[in-house]
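Let's take a friendly walk through one sheet, the helix that lies across it, and a contact between chains. Have the model open as you read along.

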Amino acid sequence: MVQTKTEISRRKFLKSSSGVALFIGVSGILPQLISCKDPKKIKEQLAQQPLTAWVKLSEDGLITIYNPAAEMGQGSMTSLPLIFAEEMDADWSMVKVEFSPQESEIYGSPGWAPGSKLMFTVGSRTTNSYYQVMRKAGAQARYVLMSSAAKHWEVPIEELTTSNSHVLHGKTNQKISYGALVPFLEMPETLPDFSEAQLKNPKDFQLVGKDIPRTEIPAKVDGSAMFAIDIRLPGMVYGVLERGKLHGSKPSLTNENEILAMEGVLKIIPLDYAIGIVAKNLEQALNAKQSLKIDWSESKASGHNSQEVYSTYEKIASQKEKGKVIIEIGDVAKAKRTAAKTYEVDYKNDYVYHAQMEPLNAVVQVAEDGGSAEVWVGSQQGTDTKLGVPKILGIASEKVNVHLQYLGGGFGRRSMNDFVEECAILAKEMAPLPVKLIWTREDDVTYGAFRPLSLQRLTVNTDPEGNITAFSHAVVGDGGNLVASAVANDHYDIPNQFAEWREASNGIRLKHWRAVGHGPNKFAIESMLDEIAWKQGTDPLELRRKLMAKAPRALATLEKAAEISQWNTPSVEGRAKGMAFVEHGSLGTGVCEISIDRSTGNILVHHFWIALDAGVVVQPDNVKAQMEGGIIMGISSVLKEQITIVDGQVQQSNYHDYNLLRMQEIPESIETVILESSEIPEGVGETATPMVACAIANAFLKLTGKPLRHLPFSPERVLQALNS
Amino acid sequence: MATFQLDINNSKHKVEVAEGTSLLWVLREHLGLTGTKYSCGIGQCGACMVHIDNQPVRACLLQVDNYADGQKIKTIEGLSQNCDHPVQRAWIEAQAPQCGYCQSGQIMQAVALLENNPNPTREEIKTYMNGILCRCGTYLRIIKAIELAAKTPTSIEN
């Protein structure tokens, strides 16, 4: 952008930052800043962080690359810098990774709405949305080094090559390391905006696609990795909130004086939906919380009973009036009239909770004059990069500095920043003291934001040959996309398709939960296919083969999964295999093998096999880790996890009554085969989890002839199905 | 308020807290040993696993009062100087952690396992480790790491 060039002299910037080290990646030359519309913003950023935008280089050869995404175990702290280093030809052993400043104008990814730039680690989009950004930025950093070497040696840049943090000139047999180039660094007047053809051919990648250990793992095995809950600051005080078990209920505190008289209590801060307490230390705050006497009002959720509400949902599904239409391909009504057979099945899903191991928390310090704030948080970021804090404090966005920390699990819960806003409210009252707000596990469960309860009614028609001619999918539940996403069957050749969402609201807090609508909806779709195959006496593999005839990439995952799971070899007595196909960016087919303890109703998953097409895979071992974790979280949710609501009150409160899968319950193996591809990378974090419910249900059907249609498949429900 | 003297990672720490304060808050919030994690507070998840006199225990369930008489407390920070305990090295080799939050507890439990049983079977590993929750689903790699560490001859000496 012309403005950038006139506003900031690169040469001047370099000069002003000389001394110990010079830094490439001067923000103005990188695409993020070139596309930044506000030159003032660029200047301010440079003033704040004079050594950025994406990379720092020092004379000893140390290269620091910024990661703009949250790290919650999915590996962004390695994958994004690795893509950058690949194009920069950096010596990976000399690379250090840091979180970038939380400034979306500079570090946001353009992979969202046109023209927008967001820092938002959700939807398994990180690698996909930053892939080209990091490649181009890395290539430009390399170009700066090459053009500086060209000037230094007085040779044409075209004659230079790079390798492993060195610039080489073959003709004169000269070689200089990136670090040694620091004193000679000069910003070129113009920088090419690299096109795909000028970037490396994926076939030539040296780092991408290799098994490179994750950068942050050593800090996660010696206790030094910093999560927000680990932050301690001088003068820090502690905040807790009592939020009640009834979502949306309003509190009236009846023993304020008693609480204020308790040791260490500094302040009571009432919110619309909670009573906040700030105390000198954590145990004092928790003591006071336990002593609160609160009258809670009724709320919209009052009277809601999660296990009884399905009869209402069934009525809603039966109403003539359609809901919001999501997909309409062909004419399902016409297809139904001429169909040989019609299948109609309801699938149900109870509420589930995120159960991220680090309870929600944040540390916020507001300046004495209230004009600025520092925030330490583990967040999946958001559409507001400053996480709602500027609005609460009534200050400009640039006055809030967010220090991103590692996330002790996200799974979608940490892209809702209610906990950051709460901490800002407390910190505003306590300024200038820093406040650490901690949710207890009980707070985290009872005031959770759950994957919605929902009902899926599927109606499918077949022609006389048994081909599926029409597929209708009605979702009943609360939360729009939270329940109604992932109803498309883009990889199945079905001429008539219809999907709709029918709203049913109960006043319960809801949120994206790993894979979001894919969990319930793939469960319904993929189970339905097997139920039809069962009734037709068709092999589920054959049925899907036919449906995928026009989707070669999907079909390749199906064939590979069938091969590695030895689909055509029957399981030993008492066991059976089930399959499911899922697309969530990447495409995957999963196969599981299960057995059932018919006396207890426990389902045991013995093996899981996955064939995955994720485009270019940056870190193969990490992709496998995501498959393993995704499957295990899936098994946990499918077999064990359930939030129930009675008269609006959440019935669970901690891990003793909200059970997660433990080590004795995991499969013996989870095997992943990654299919080779040079397509743009696609997300892998949410492809495995939604395979689990349907693969288990399909194996159960094969083993027992009985369908499982209500998640979770608790022992009671399994016994009920067996005895039906 | 009372003053307690604790022996943690072979050094003495003085802390002034109310009687009955949980050892977990003392370690994390008063002494800054934040590698030991809070996750459930009721002894269900094991994220706060530490060793007291070489036995693995959940710090969230313990009152500081009972551990200030010279008992030797070891936290993840005291396991090694340079992240080079055989179990830590195995954890890195297996690329076990994802979010990492539960891993201090997993490692402290695994170290205790191998100190008691240097060559555990897979079933013994699962039984011993069953009390430590991991939400990211890293269990298979934890097993792999423990099996790797068991093959390292020095693992028992540390």
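## A four-stranded sheet and its helix

In this predicted model, chain A holds an open sheet of four strands, ordered β23-β24-β25-β28, and its pairing is mixed. At the edges sit β23 and β28 of chain A, each of which pairs on one side only. On average, and ignoring direction, neighbouring strands of this sheet are turned by 20° against each other. As a general reminder, strands of a sheet pair through backbone hydrogen bonds, in either a parallel or an antiparallel sense.

Look next at one edge of the sheet. β23(A) and β24(A) pair in the antiparallel sense, over ten bridges. Here A:H584 stands opposite A:S586, a residue of β24(A).

For finding your way, these are the residue ranges of the elements of chain A in this part:

| Element | Residues |
|---|---|
| β23(A) | 575-584 |
| β24(A) | 586-597 |
| β25(A) | 602-613 |
| β28(A) | 669-674 |
| α20(A) | 620-639 |

Helix α20(A) lies across β25(A) and β28(A), and runs at about 135° to β28(A).

## Where chain A touches chain B

The contact draws 46 residues from chain A and 43 residues from chain B. Which elements give two or more residues to the side of chain A that touches chain B? They are α8 (217-221), α10 (282-291) and α20 of chain A. Helix α20(A) provides the largest share of that side, seven residues. By residue type, the side of chain A that touches chain B divides into 23 nonpolar, twelve polar and eleven charged residues.

Helix α20(A) thus appears in both parts of this tour: it lies across β25(A) and β28(A), and it gives seven residues to the side of chain A that touches chain B.

Note on methods
Residues are numbered from 1 along each chain as its sequence is written. Chains are lettered from A and ligands numbered from 1 in the order in which they are written. This is a predicted model: local features need pLDDT of at least 70, side-chain atom pairs count only at pLDDT 80 or more; totals for chains, interfaces and linings use all residues. Two strands pair if DSSP finds at least two bridges between them. Axes are lines fitted to C-alpha atoms, for helices over the stretch in contact, and angles run from 0 to 180 degrees between N-to-C directions. Two residues are in contact if their C-beta atoms, placed from the backbone, lie within 7 Å. Ala, Val, Leu, Ile, Met, Phe, Trp, Tyr, Cys and Pro count as nonpolar, Asp, Glu, Lys and Arg as charged, and the others, Gly among them, as polar.
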